[in-house]
Amino acid sequence: MSWFSRLEGQLKVEDVLLSSVAEKYGTPCYVYSRSGCETGYNEYKKALEWCPGGGRVCYAVKANSNLSILSLLADLGSGFEIVSVGELERVLAAGGEGQKVVFCGVCKEEHEIRRALEVGIFCFNVESEKELELIQKVAESMKKVAPISLRVNPDIDPQTHPYISTGLKENKFGIESKKAVSVYQKAAVLPNVKIVGIACHIGSQILTMEPLLEAFDCITGLVQELKDLGITINHIDIGGGLGVRYSDDENPPSPSEYLSRIKSKLLEQSRDIPDIIVQPGRSIVAPAGVLVTRVNFIKETSNKSFAIIDASMTDLLRPSLYGAYHKIEPVDYDENKTEIECDVVGPVCESGDFIGKKRRLRIIDGDLIVVYGAGAYGHCMSSNYNSRNRPAEVLVDGNKMNLVRRRETIRDQLQLELTEFNSQ
Ligand code: LLP
């Protein structure tokens, strides 16, 4: 993570001291590195260079949907994976091209399909027969042809947290692989639908390549079956899911290791190589972002110590929701401070409100701490629970800090609600 470094114990992001970001914009605050995001994207782009069609990186907007992040990725030429019309509007507002969008998700609504057809998206990844029928109906009413892939559920265990496994038969996602061919045959005769590809996404924070490669074998097997039936697949969308290193004992494969295995498999199997689409989210942005928060005070009990910080589960939900580990350090390291073991907790009224447990930190009241790996599924999963304001977001570029989302205010929260209502 070269974009985070220490200068005499003080943590910098690119050329900016994190303490100066906190001073200017307050805490809690998400801070992203522009070069971190760019590096994440470029690794995938480079790892796909061998693809005859050039390959496509469709960044998963859900991982971090801040407009400035989308805009910098759009400038690099990125495509986008979306799961709602809200994400589509974000992509467009950030200057992304509708024609580079892949639309996923188990239930696209009629108005969402219509908007996606209006902007001419690249592909709908269809997750059920009923959705296929709805897409046909909407496209027909607009006198358009919708490009589609079927998202196949290969029933493979990605060996990750059960809440983020998506390719097992008990999961709601995709079309069972044994039914895929018949649904393709059905799609092939629909007049307002055009088959362009096949898709698969088996989960997130995947740390070993085997399940991903097994899923790929299932997909290429189907591509062959379809070919024999006269159905041509132009691209294989292998989804996202590559994990990142939240803790030192995690060693996820790199995009280049993963994609070179995909390349070898394709070369072994066939001469007509379809284009490859990837939909990474976490592995592009997680390492490029941190959450900076202040220790309000350290509370000692006869049982343990708590570092009570000004961030909580409402700002970073992953530890509470998945028991996820995020590395925590003081922003400014001072070895003269005594190391304490503490649970790092927020002020929310839930015992599940923690960011870290049993952490050994050299901190005292008032210190700033940093939570790493917060660039993905951080701010975008924040909430107003306990009527807390969502934090600010800052994008650092070299020696410049840019406020890319201001901190919410209580007024922002109140203005959506009414004190009077009509009960008729
Ligand atoms: N494509 C599809 C269809 C997806 O459902 C997802 C993530 C991605 C791509 C991107 O996957 P990634 O490369 O980021 O692993 N909130 C959870 C993660 C949920 C992931 C949902 N789908 C977390 O904080 O771990």
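1. Let me start with Cys 349, which sits in the loop between strand E17 (340–345) and strand E18 (354–361). Helices (H or I, at least four residues) and strands (E, at least two) are DSSP runs, numbered from the N terminus. This is a predicted model: local features need pLDDT of at least 70, side-chain atom pairs count only at pLDDT 80 or more, and totals for chains, interfaces and linings use all residues. Residues are numbered from 1 along each chain as its sequence is written, and side-chain values use heavy atoms, with hydrogens and water left out.

2. Why look at Cys 349 in the UniProt record? An unreviewed UniProt entry gives it the annotation "active site". UniProt positions are in the numbering used here, feature names are shortened, and annotations may be inferred rather than shown by experiment. Cys 349 counts as exposed because its relative accessibility is 66%; the cut-offs are under 20% relative accessible area for buried, over 50% for exposed, and partly exposed in between (1.4 Å probe, protein chains only). Setting aside residues up to four places away in sequence, Cys 349 touches Tyr 385 and Asn 386, where contact means heavy atoms within 4.5 Å.

3. The other annotated position is Lys 62, where the unreviewed UniProt entry places "modified residue: N6-(pyridoxal phosphate)lysine". Lys 62 lies in the loop between strand E5 (56–60) and helix H3 (67–75). With a relative accessible area of 30%, Lys 62 is partly exposed. Neighbours within four places in sequence aside, Lys 62 is in contact with Glu 81, Val 83, Glu 87, Tyr 377 and Cys 380.

4. One of those contacts leads on to helix H4 (residues 85–93), where Glu 87 is buried along with Val 85, Leu 88 and Val 91. Seen down the axis of H4, the buried residues fall within an arc of 155 degrees, so they line one face of the helix; the arc is that of the directions from the helix axis to the C-beta atoms. The cover over these buried residues includes H3, strand E6 (79–82), E7 and H5. Just after H4, Gly 95 has a positive phi of about 90 degrees.

5. Now for strand E8 (residues 123–126), which is covered on both faces: Cys 123 and Asn 125 are buried on one side, Phe 124 and Val 126 on the other. In a regular strand the side chains alternate between the two faces of the sheet. Strand E7 (residues 101–103) runs parallel to E8, joined by two bridges, and Val 102 has Cys 123 in E8 as its bridge partner. Two strands pair if DSSP finds at least two bridges between them. The route from E7 to E8 goes through helix H5 (residues 110–118), and this β-α-β crossover is right-handed, meaning that with the strands pointing away from the viewer, the path from the first strand over the helix to the second runs clockwise.

6. E8 also pairs in the parallel sense with strand E9 (residues 146–153), over three bridges. Here Val 126 has Leu 150 in E9 as its bridge partner. E8, helix H6 (residues 129–141) and E9 form a right-handed β-α-β unit.

7. Is Glu 131, in helix H6, buried or exposed? Glu 131 counts as buried, at 5% relative accessibility. Beyond its neighbours within four places in sequence, Glu 131 is in contact with Gly 105, Val 106, Cys 107, Lys 108, Asn 125 and Val 126. Its C-alpha is 8.7 Å from that of Glu 109, 22 residues apart along the chain.

8. Back at the start of the chain, an open sheet of three strands has the order E1-E2-E3, with antiparallel pairing. Strand E1 (4–7) and strand E3 (16–17) are at the edges with a single partner strand each, so one side of each has no neighbour in the sheet. E1 and strand E2 (residues 10–13) are joined by four bridges, and Arg 6 stands opposite Leu 11 in E2.

9. Helix H1 (residues 18–25) has Leu 18, Ser 19, Val 21, Ala 22 and Tyr 25 as its buried residues. They fall within an arc of 160 degrees seen down the axis of H1, so they line one face of the helix. Glu 23 and Lys 24 are exposed on the face turned away from that buried side.

10. Last, the cysteines: a search of the whole structure finds zero disulfides, a disulfide being a pair of cysteine sulfur atoms within 2.5 Å. The sulfur of Cys 218 has its closest cysteine sulfur in Cys 200, at 6.5 Å, too far for a bond.
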